[in-house]
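Reader: I've got a model open and I'd like to learn how to read it feature by feature. Can you walk me through it?

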Amino acid sequence: IKDSCKINQDNPHHKFTVYEHCLDAYLKAKDTTDDEVLLKAIKFHDIGKPLTKGFKDSFGNDTDIAHYYNHNNVGAYLVLGLPYNLNYTSFDRNFISWLIENHMMSYNPESVYNKWLGKWPFWVQKSLYILHQADQLAH
């Protein structure tokens with residue numbers, strides 16, 4: 001998995017490989033939180049990208065830049081199978097997966113995102129915020 005993430009993202013929004021991006025996001029988040037579960041989610045938030053990389057837009061047209069449609073969903077499944085998970089409770093494993101699955105929600109229209117976000121307890125909102133900030137800073 002580590003080797004598969006050492007791919008160029010071929011996208012103007014990312015200057016790092018997937019691996020470098022996730023590692024940089026993780027290191028930036030360590031300045032903000034010591035929550036081991038959240039940090040694990042940040043470290044693996046784009047793990048689904050190698051399996052979803054494609055050079056077509058949402059209409060199926062060929063493009064010069066890579067797109068990663070549903071990488072968050074693929075990553076949420078992949079992370080559940082990693083061996084480190086044996087050290088976590090079932091709740092923590094599922095929360096890591098849930099954070100990865102939902103880390104792209106903030107790219108929805110603001111009104112949609114805020115309505116969705118408001119359904120979650122503050123500690124969940126804060127976790128998503130920290131993940132999003134680390135993701136943004138690591139571009």
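Reader: Let's start with Ser97. Which helix is Ser97 found in, and is Ser97 buried or exposed?

Author: Keep in mind that this is a predicted model. Ser97 sits in helix α5. Its relative accessible area is 8%, and the cut-off for buried is under 20%, so Ser97 is buried.

Reader: What is Ser97 in contact with, leaving aside its neighbours within four places in sequence?

Author: Ser97 touches Ala76, Val79 and Leu80 once those neighbours are set aside.

Reader: Now a whole helix. How do I read the covered side of one?

Author: Start with the general idea: an α-helix has 3.6 residues a turn, so residues three or four places apart point the same way. Then count what is buried. Helix α2 covers residues 36–43, and six of its eight residues are buried, which makes it mostly covered. The buried ones are Val37, Leu38, Leu39, Lys40, Ala41 and Ile42.

Reader: What covers the buried residues of α2?

Author: The cover includes α1, α5 and α7. So α5, the helix that holds Ser97, turns up again here as part of the cover over α2.

Reader: And Glu36 in α2, is Glu36 buried or exposed?

Author: Exposed: Glu36 has 55% relative accessibility. If you want a distance to go with that, Glu36 and Gly118 are 82 residues apart in sequence and 24 Å apart in space, C-alpha to C-alpha.

Reader: Where is Glu110 found, and how far apart are Glu110 and Asp92?

Author: Glu110 belongs to helix α6, residues 110–117. Glu110 counts as exposed at 63% relative accessibility. From Glu110 to Asp92 there are 18 residues in sequence and 28 Å in space, C-alpha to C-alpha.

Reader: On to empty space. How do you find it in the first place?

Author: Rolling a probe the size of a water molecule over the atoms shows where empty space is left. In this model, the largest pocket has a volume of about 320 Å³.

Reader: How many residues line the largest pocket, and which lie nearest its centre?

Author: The lining has 16 residues, and Asn11, His13, His14, Lys49 and Met104 are the ones nearest the centre. The elements that give two or more residues to that lining are β2 (62–67) and α7 (122–137). By class, the lining splits into five nonpolar, eight polar and three charged residues.

Reader: What lines the second largest pocket?

Author: The second largest pocket holds about 170 Å³ of space. Its lining is made up of Ile1, Lys2, Cys5, Tyr19, Cys22, Leu23, Lys43, Phe44 and Ile47. Helix α1, residues 18–29, gives the most, with three residues. Sorted by class, the lining has seven nonpolar, no polar and two charged residues.

Reader: I see Cys5 and Cys22 in that lining. How many disulfides does the structure hold?

Author: Zero. The way to check is to look at the distance between sulfurs. The closest cysteine sulfur to that of Cys5 is in Cys22, 6.2 Å away; a disulfide needs the sulfurs within 2.5 Å, so the gap is too far for a bond. As for accessibility, Cys5 counts as buried at 7%, and Cys22 counts as buried at 5%.

Reader: How many cavities of 30 Å³ or more does a search of the whole structure find?

Author: One. The largest cavity has a volume of about 30 Å³. Asn102, His103, Met104, Met105, Ser106, Tyr113, Leu128 and His132 line that cavity, and by class they come to four nonpolar, four polar and no charged. Met104 is worth a second look on your screen: it is in the cavity lining and is also one of the residues nearest the centre of the largest pocket.

Reader: Last one, the strands. In what sense do β1 and β2 pair?

Author: Antiparallel, over two bridges, with β1 spanning residues 54–56. For one bridge you can pick out by eye, find Lys56: its partner in β2 is Asp62. The hairpin of β1 and β2 has five residues between the strands, and within this hairpin Gly60 takes a positive phi near 90 degrees.

Conventions
Residues numbered from 1 in each chain as written. Predicted model: local features only at pLDDT ≥ 70, side-chain atom pairs only at ≥ 80, totals over all residues. Heavy atoms only, no water. 1 Å grid on protein atoms, 1.4 Å probe; cavity = no way out; pocket = protein on both sides within 12 Å on 5 of 7 lines; lining within 4 Å. Points joined across faces, edges and corners; volume = space filled by probe spheres on them. Helix = DSSP H or I, 4+ residues; strand = E, 2+ residues; numbered from the N terminus. Nonpolar A, V, L, I, M, F, W, Y, C, P; charged D, E, K, R; others polar. Buried < 20%, exposed > 50% of the residue type's maximum accessible area, 1.4 Å probe, protein only. Pairing = 2+ DSSP bridges. Contact = heavy atoms within 4.5 Å.
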